[in-house]
Amino acid sequence: MNDLICRDLRVVVTAGAAGIGRAIAEAFALAGAKVAVCDVDPAALAEFRAALPGHHAFACDVAEEEAVAEFFEDAIGALGGLDVLVNNAGIAGPTAKIEDVTLAEWRRTLAVNLDGQFLCARAAVAHLRRAGGGSIVNLSSAAGRFGFARRAPYSASKWGVVGLTKSLAIELGPDNIRVNAILPGAVDGPRIRRVIAAKAAATGASVEAMTARYTAQASLGRLIDADDIARMAVFLAGPGGRNVSGQALAVDGDTQALV
């Protein structure tokens, strides 16, 4: 059995036109799935459409209820149904001491990172039931199992994702819908570079020193790759993950703490 074959599965990936989401969408496409993504970046959407012409891309801010409903109507129409939802959309939020975080920053971080997953899961469930079951893969973070100084909104949202995941796994198990969370560590790329720069500025450290601290926080001593997350998502949605549900799976190089 090839655990990374997802032939003809109909897959939705949020924030799937760039970064980790793009890697996930490409991995599913390579495994034989039909993919629809959403994103807020018009340039990334255009690039996705050009690179993967057999798949589908739509504009959507997952924090907006009406936009999510419209996206799912378009995506399900394009795919002809739904077997897999990957809730990938998320933002870093502010890097600041709690007394310097505004309520607007707090609310926006939770709106995208947690409300967005709720809205998309809610929209997906009826279609997954209609398909006879399926898989929801929620992106949490190593910050969903550790505290994270100066990143309280982000960490709170990612702990919330784990609670949502475990609750939905129990609720939807009788419908043959599996729900899991992936908890990435520091994923190499532009986003983590921005986070490292912000953390360096907030603490007075150099970017080089902060990069070294981020690399050293995992026992493997390296940042991880977006493709590592993508392969785990495909595994969970495919035949190898058929009895895996309710799990918070770390793909983080054995992270021991967050700096």
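A residue counts as partly exposed here when its relative accessible area falls between the buried class, under 20%, and the exposed class, over 50%. Keep that in mind for R150: its relative accessibility is 28%, so R150 lands in the partly exposed class. This is a predicted model, and R150 is a handy place to start looking around in it. You'll find R150 in the loop between β5 (134-139) and α5. Its backbone deserves a glance too, since phi of R150 is near 65°, a positive value in a residue that isn't glycine. For context, most residues other than glycine have a negative phi.

Now follow the chain through α5 (152-172) and into the loop between α5 and β6 (177-184), where N176 sits. N176 is another non-glycine with a positive phi, this time about 60°. With a relative accessibility of 48%, N176 counts as partly exposed, because the exposed class only begins over 50%. G173 has its place in the loop between α5 and β6 as well. Its relative accessible area is 39%, so G173 is also partly exposed. Although G173 and G133 are 40 residues apart along the chain, their C-alpha atoms are separated by 8.9 Å.

Let's turn to the helices, beginning with α3. This helix covers residues 65-79, 15 residues in all. From first C-alpha to last, α3 reaches 21 Å, close to the 21 Å expected at 1.5 Å a residue. Which residues of α3 are buried? They are V68, F71, F72, A75, I76 and L79. These buried residues cover an arc of only 125° around the axis, which puts them on the same side of α3. The general rule behind such a pattern is that an α-helix has 3.6 residues a turn, so residues three or four places apart point the same way. Look at the face turned away from the buried side of α3 and you'll see the exposed residues E66, E70, E73 and G77. As for what covers the buried residues of α3, the list includes the strands β1 (10-13), β2, β3 (56-59) and β4 (84-87), along with helix α4. Just after α3 comes G80, with a positive phi of about 80°.

One of the residues just named, F72, gives us a link to another helix. The C-alpha atoms of A44 and F72, 28 residues apart along the chain, are separated by 19 Å. A44 belongs to helix α2 (residues 42-51), and at 6% relative accessibility it counts as buried, the cut-off being under 20%. Leaving aside residues up to four places away in sequence, A44 touches A17 and A18.

Next up is α6 (190-203). It has 14 residues and reaches 20 Å from its first C-alpha to its last, close to the 20 Å expected at 1.5 Å a residue. The buried residues of α6 are I192, V195, I196, K199 and A200. Seen down the axis of α6, they fall within an arc of 135°, so they line one face of the helix. They pack against α7 (207-216). P190, R194 and A201, on the other side of α6, are exposed. After α6 comes G204, whose phi is positive, near 80°.

Past α7, the loop between α7 and α8 (226-237) holds Q217. Is Q217 buried or exposed? At 8% relative accessibility, Q217 counts as buried. Its contacts, not counting residues up to four places away in sequence, are A186, D254, T255, Q256, A257, L258 and V259.

That leaves the largest pocket, where several of these elements come back. Its volume is about 1,100 Å³. The lining is made up of 47 residues, and I20, G90, I91, R191 and R194 lie nearest the centre of the pocket. R194, then, is both an exposed residue of α6 and one of the lining residues nearest the pocket's centre. Which elements each supply at least two residues of the lining? They are α1 (19-30), β2 (34-39), α4 (103-130), α5 and α6. Of these, α6 gives the most to the lining, with six residues. By class, the lining of the largest pocket has 27 nonpolar, 11 polar and nine charged residues.

Definitions and conventions. Residues are numbered from 1 along each chain as its sequence is written. This is a predicted model: local features need pLDDT of at least 70, side-chain atom pairs count only at pLDDT 80 or more; totals for chains, interfaces and linings use all residues. Side-chain values use heavy atoms; hydrogens and water are left out. On a 1 Å grid over the protein atoms alone, a cavity is a set of points where a 1.4 Å probe fits but cannot get out, and a pocket is an open set with protein on both sides within 12 Å along at least five of seven lines; lining residues have an atom within 4 Å of a point. Grid points are joined across faces, edges and corners, and a volume is the space filled by probe spheres set on the points. Helices (H or I, at least four residues) and strands (E, at least two) are DSSP runs, numbered from the N terminus. Ala, Val, Leu, Ile, Met, Phe, Trp, Tyr, Cys and Pro count as nonpolar, Asp, Glu, Lys and Arg as charged, and the others, Gly among them, as polar. The expected span of a helix is 1.5 Å times one less than its number of residues. Buried means under 20% relative accessible area, exposed over 50%, partly exposed in between (1.4 Å probe, protein chains only). The arc is that of the directions from the helix axis to the C-beta atoms. Contact means heavy atoms within 4.5 Å.
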